[in-house]
Amino acid sequence: MLGYTIRRIGAALFVLWAISVLVFLIFFATPGVDPAARIAGRNADPATLEQVRRSFGFDAPITTQYLKMMNHLFLERDLTSFVNRGSRVVPQITDALPATLSLVIGAAVIWMAVGIAMGTAAAAWRGKAADPVITLLGILGVSMPVYWLGEVINLFTQSRMHETVFRWVPPLGYVAPTENPWQWFLHLIFPWLSLAVLYAGIYARLLRGELIGALREDYVRTARAKGISERRILVRHALRCSLIPVVSLFGLDFGALVGGAGLLTEVVFGIPGIGHLTYNALQNLDLPVIMGTVMYAAFFVVLANAAVDLFYARLDPRVRHV
Amino acid sequence: MISSKNGPWRTAGRQLIRNRPAMISAAAFLIILLACLAAPLYAHHVAHVDPLASNIAGTTVVDGRTADLLQQSTDGLGLGVTPLGPTWDPGHYLLGADNQGRDVAARLLYGGRNSLYIGLASAFVCCLLAAVLGIVAGYFGGWIDAVLARLFDVVWAFPVYLLAICLSVVLVSGGLHIGPLHLNAGSLLLPILIIAVIYVPYVARPLRGQVMALRERDFIQASIGSGAGDWRIMRREVLPNVLPTLIVFLPMMTALNMLTESALSFLSVGVQSPDASWGTIINDGLGLLYTRPVVTVAPGLLIALTAVALNVLGDGVRDALDPNARLRGGA
């Protein structure tokens, strides 16, 4: 396990480094693009441009530029926005993190619970009426634009049916759980649901396939021969093994969502998280903020993947020796 | 193999035709595609509007009376304007106007052209790139594979929307200029290329695995033994064997890419004004959500409908050709 852990962490560090190089190259070395003008924002004056050139070392060799950039981002953490003059990027990201985590963790709890329940039900009743319904839900989940679903939910909860059924729904926005836990919950319930709808169907379909495969395995036949009830076999034997790929996908999705893939949901529901920060930066082409959020996002994704792989290796010893 | 009477393609084709949900989906997709292709016919001969030019002072006829396209708002203080709502009359702003007085129905059709074009084209480019890279990596192995596989890992670990946003934000404002290649900032080729590139690992990774397994099979070893060149083997022996998987990926990637395009356009880094796509129309409708929800709801429904059709069709193609193929997430 120790050898595997070291190798896995090494791989994660490599991927992080490679992503940082990739982001750097996209922003600083795209042919035909003047990076200083980009970083300074729209219609910047010559003095600002000069300041940007000095701060990022644009007359220096490209490796020095890369090191300067990483220094601004991770060591000094003094990357500053030139559009919103003087605002530091890294503190903005750490301030936005709790809102994003609130959104993603809540949604993840819902989609994992619903996805596992639906997937198990579909496998238990495969070929019956519930099965195609779950398949259809899975397809709907991957076919709806998430921001559009959020807009339609808002249309009903904030406007059309706000006076009747949804009187209890607070206006769009976010309240910190430390301030008022009940309001925090009320503000987030629809964002959670709209995000969870997308994932629950995918997870249910994945789990259904895995479970049906597992039910054909020898160890299930052994369990049946011992006279264990079909329900106990499904839940205690088959489900345990089938959850492994689900957990691995969960790592990818959770990391990506914390890293900003929840961007569209945050924008639509007015949640001031990392995604919202990226969105605002996009509206006025505030490149330092975009670079900052992307690098931190990549960090979360790689971290979550490594954590999941290590967890996976603990669950399934075969993985360690690949 | 293709011409034999009960060849695998023929068997698969017959199975697909018997698959009713897949056939209904294919028909639905074709209808949407044809409707969007007919956008100029609708705009010029039925609605008589220019869907790209703003028409703030324009009027139309509703129930025999002249009506302003942008009406004085009646909400709150009565400030600002509200565009005309749906008239349900194809000749006169069927679905109403947007906040620039443009015909929503005509824009939906024109936007659909761009959405479908970007979705289809980027799916083709993506599968083509992935086929080349996946086959080369899996066939040659060694350091070529090591480099390519690491590259796939890096792009795979990158949240797709963020990678697309990075590329778009750099390219969409200035265009792309590499040597003799010049792409203008508004060119639809930019979103096509960006979306194609970010999804390459989704297709290339499973292909690479397949090719690695094929490489050990007797018929490939026999070709190598009989002295066939690498490129010939890849083209004549490997490619036909991974082609079913590529075909399975096409409809699903088209749906995924269309959704990605709409998200990027919604974030204003996809299709650029005055061009429209379903994503930009949803974005246009944001400020009108509570007063004229049709501007937001209609394009979203069209995206969802098209994507469901493509995904159901994709499921059918997969069942017929390659039951083990999986997109990320097993969907």
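User: What pattern does chain A follow when read along the sequence?

Analyst: In this predicted model, chain A follows the pattern α-α-α-α-α-α-α-α-α-α-α-α-α along its sequence. The count agrees with that reading, for chain A has 13 helices and 0 strands.

User: Why is H3(B) called roughly antiparallel to H4(B)?

Analyst: Helix H3 (residues 39-47) of chain B and helix H4 (residues 104-140) of chain B have axes that cross at roughly 165°. Angles over 145 degrees count as roughly antiparallel, and therefore H3(B) is described as roughly antiparallel to H4(B). The two axes come within 8 Å, and the crossing is left-handed.

User: Which residues make the contact of these two helices?

Analyst: H3(B) contributes Ala39(B), Tyr42(B), Ala43(B) and Ala47(B). From H4(B) come Ala105(B), Ala106(B), Leu109(B), Tyr110(B) and Arg113(B).

User: What makes the division of these residues 8 nonpolar, no polar and 1 charged?

Analyst: Ala, Leu and Tyr count as nonpolar, whereas Arg counts as charged. Arg113(B) is among the contact residues of H4(B), and because Arg belongs to the charged class, Arg113(B) is the 1 charged residue in the division. The other classes hold 8 nonpolar and no polar residues.

User: How many residues does each chain bring to the contact between chain B and chain A?

Analyst: Chain B brings 41 residues and chain A brings 47 residues. On the side of chain B, helix H5 (142-157), helix H6 (160-171), strand S5 (176-178), helix H10 (230-266) and helix H12 (294-321) each supply at least two residues. H12(B) gives the most, with 9 residues. By class, this side of chain B divides into 30 nonpolar, 10 polar and 1 charged.

User: What share of the residues of chain A counts as buried?

Analyst: Of the 322 residues of chain A, 39% count as buried. A residue receives that label if 20 or more other C-beta atoms lie within 10 Å of its own.

User: Into which domains is chain A divided, and how many residues of each are in contact?

Analyst: Chain A is divided into domain 1 (2-89) and domain 2 (97-321). Their C-alpha centres lie 32 Å apart, and 23 residues of domain 1 are in contact with 18 residues of domain 2.

User: Which helix supplies the largest share of the side of domain 1 of chain A that touches domain 2 of chain A?

Analyst: H1(A) supplies the largest share, 11 residues. This side of domain 1 has 14 nonpolar, 6 polar and 3 charged residues.

How values were computed
Residues numbered from 1 in each chain as written. Chains lettered and ligands numbered in written order. Predicted model: local features only at pLDDT ≥ 70, side-chain atom pairs only at ≥ 80, totals over all residues. Axes fitted to C-alpha atoms, helices over the stretch in contact; angles between N-to-C directions. Helix = DSSP H or I, 4+ residues; strand = E, 2+ residues; numbered from the N terminus. Parallel < 35°, antiparallel > 145°, perpendicular 65-115°, else oblique. Left-handed = near helix turned anticlockwise from the far one by under 90°. Contact = placed C-beta atoms within 7 Å. Buried ≥ 20, exposed ≤ 12 C-beta atoms within 10 Å, placed from the backbone. Domains from an automatic or database assignment.
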